[in-house]
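Please open the model in your viewer and keep the sequence panel beside it, as this tour moves from one selection to the next.

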Amino acid sequence: MTQATAVRPGTGAHTAPASYDELARLYETDIRRVVRRQLGSHVASYDVDDAVQFILERLQRNDVIAQYNPGHVSEHTGAQ
């Protein structure tokens with residue numbers, strides 16, 4: 001089964017990344033921002049890098065791309 005190319009969240013297209021390289025390319029910046037926010041600005045950049053790589057490794061190890069089900073996707077539309 002071939003996966004479609006991923007589109008960043010919020011664009012209306014719900015597809016899984018075709019590979020873990022693509023997942024990392026699309027989401028590494030977002031993951032890094034969350035890690036930096038959670039660990040604080042006093043943490044060394046190499047520790048942030050380690051945390052980001054750990055998260056990406058866990059996503060691959062748990063095979064999150066295979067678990068993606070477009071029928072169970074919801075998109076936050078903000079306060080109504």
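Helices are DSSP runs of H or I with at least four residues, strands are runs of E with at least two, and both are numbered from the N terminus. The model is a predicted one, in which local features need pLDDT of at least 70 and side-chain atom pairs count only at pLDDT 80 or more, while totals for chains, interfaces and linings use all residues. Residues are numbered from 1 along each chain as its sequence is written, and side-chain values use heavy atoms, with hydrogens and water left out.

Begin with the whole protein in a cartoon view, where there are 3 helices and 0 strands, running α-α-α from the N terminus on. Switch to a surface, and the protein exposes about 6000 Å², of which carbon and sulfur atoms supply 52%; accessible areas here come from the Shrake-Rupley method with a 1.4 Å probe, and for residues only the protein chains shown count as cover. Of the 80 residues, 21% count as buried, where buried means under 20% relative accessible area, exposed means over 50%, and partly exposed lies in between (1.4 Å probe, protein chains only). If you display contacts (heavy atoms within 4.5 Å), residues 24 or more positions apart account for 46% of those with a separation of 6 or more.

Next, select helix α2, residues 45-61. At 1.5 Å a residue, its 17 residues should span 24 Å, and the end C-alpha atoms are 24 Å apart, which agrees; the expected span is 1.5 Å times one less than the number of residues. Which residues of α2 are buried? They are V48, V52 and L56, and, seen down the axis of α2, the buried residues fall within an arc of 70°, so they line one face of the helix. That arc is taken from the directions from the helix axis to the C-beta atoms. What covers the buried residues of α2 includes α1, so keep both helices displayed as you turn the model. On the face of α2 turned away from its buried side, look for the exposed residues Y46, D50 and R61. Just beyond, α2 is followed by D63, whose phi is positive, near 50°.

Now show the charged side chains. Side chains of opposite charge can pair when their charged atoms come close. The structure holds 5 salt bridges, each being a side-chain nitrogen of Lys or Arg within 4 Å of a carboxyl oxygen of Asp or Glu.

Stay on α2 and select R61 with E57, which form a salt bridge whose closest N and O atoms are 2.8 Å apart. Both residues lie in α2, 4 residues apart, about one turn of the helix. R61 counts as exposed at 53% relative accessibility, whereas E57 is partly exposed, with a relative accessible area of 39%.

Move to helix α1, residues 20-39, and select R32 and E28, which form a salt bridge with 3.0 Å between the closest N and O atoms. These two are 4 residues apart in α1, and therefore separated by about one helical turn. R32 is partly exposed at 27%, and E28 is partly exposed at 25%. Add D49 to the selection, and you will have E28, R32 and D49 linked in a network of salt bridges.

Finish with D30 and R33, whose side chains meet in a salt bridge of 2.4 Å, N to O. They are 3 residues apart in α1, about one helical turn, and R33 is partly exposed, with a relative accessible area of 45%.
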